[in-house]
Structure formats: C-alpha cells, structure tokens
Amino acid sequence: MQIQVKGEMTLAEIRQALFEKLMEVEEEYAVRYSRGATLYINPTNGFGDEVVPRNKLGRKIDKIYSDGPYHSAAADYKL
C-alpha cells in the first residue's frame with residue numbers, strides 16, 4: 001500500500017498528513033499491522049530548491065534506519 005503526500009511543506013505538515021492518512025487506513029480499511037515502512041523525502045530549502053543533507057563530518061546522508069519507537073524500561077519490565 002502506498003501513501004503519497006503531494007506538494008512542498010514543512011516536515012511538521014508532512015508528519016501531520018501522514019498521521020491523518022495512517023489513521024484513515026486504520027479506520028476505513030481495518031489495517032492494524034505492517035511489516036515495516038519506507039519513507040522517501042525530497043529535502044528542499046523552502047523555495048523548491050533541492051538540499052543535500054549532510055552529517056557533522058560533511059558526508060552526504062542517503063539513508064537513516066530505525067528500529068521503531070522508543071520503549072521505556074518500565075514497558076520492558078511491565079511496570
């Protein structure tokens with residue numbers, strides 16, 4: 001299943017749009033689980049010009065990995 005968010009906007013606006021669409025997928029289509037997701041973003045400077053993200057050493061960043069949301073120690077120990 002693909003979700004597309006069109007137009008240039010802030011990351012906060014994209015986050016909200018994705019949240020709303022994911023809620024819709026849950027409610028309208030009864031999808032409760034996924035094996036993961038891949039999100040592609042096209043960074044800009046706010047004027048439509050492409051921006052290349054770089055780390056502290058100046059190296060270009062193409063991929064960022066995530067193991068999912070933060071889990072507290074209390075949740076791990078069922079406190």
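**Exercises on salt bridges and a surface patch**

Lys21 and Glu24 form a salt bridge, with 2.9 Å between the closest N and O atoms. The model is predicted: local features need pLDDT of at least 70, side-chain atom pairs count only at pLDDT 80 or more, and totals for chains, interfaces and linings use all residues. Residues are numbered from 1 along each chain as its sequence is written, and side-chain values use heavy atoms, with hydrogens and water left out.

**Exercise 1.** Find where Lys21 and Glu24 lie, and classify their exposure.

Step 1. Both residues lie in helix α1, three residues apart, about one turn of the helix. Helices are DSSP runs (H or I, at least four residues), numbered from the N terminus.

Step 2. Buried means under 20% relative accessible area, exposed over 50%, and partly exposed in between (1.4 Å probe, protein chains only). Lys21 counts as partly exposed because its relative accessibility is 38%. Glu24, at 29%, is also partly exposed.

**Exercise 2.** State how many salt bridges the rule gives, and describe the one formed by Asp62.

Step 1. The rule asks for a side-chain nitrogen of Lys or Arg within 4 Å of a carboxyl oxygen of Asp or Glu. The count comes to two.

Step 2. Asp62 pairs with Lys60, the closest N and O atoms being 3.8 Å apart.

Step 3. Asp62 is exposed because its relative accessible area is 64%. Lys60 is exposed at 53%.

**Exercise 3.** Locate Tyr29 and classify its exposure.

Step 1. Tyr29 is found in helix α1, which covers residues 11–29.

Step 2. Tyr29 counts as exposed because its relative accessibility is 51%.

Notes: Helices (H or I, at least four residues) and strands (E, at least two) are DSSP runs, numbered from the N terminus.
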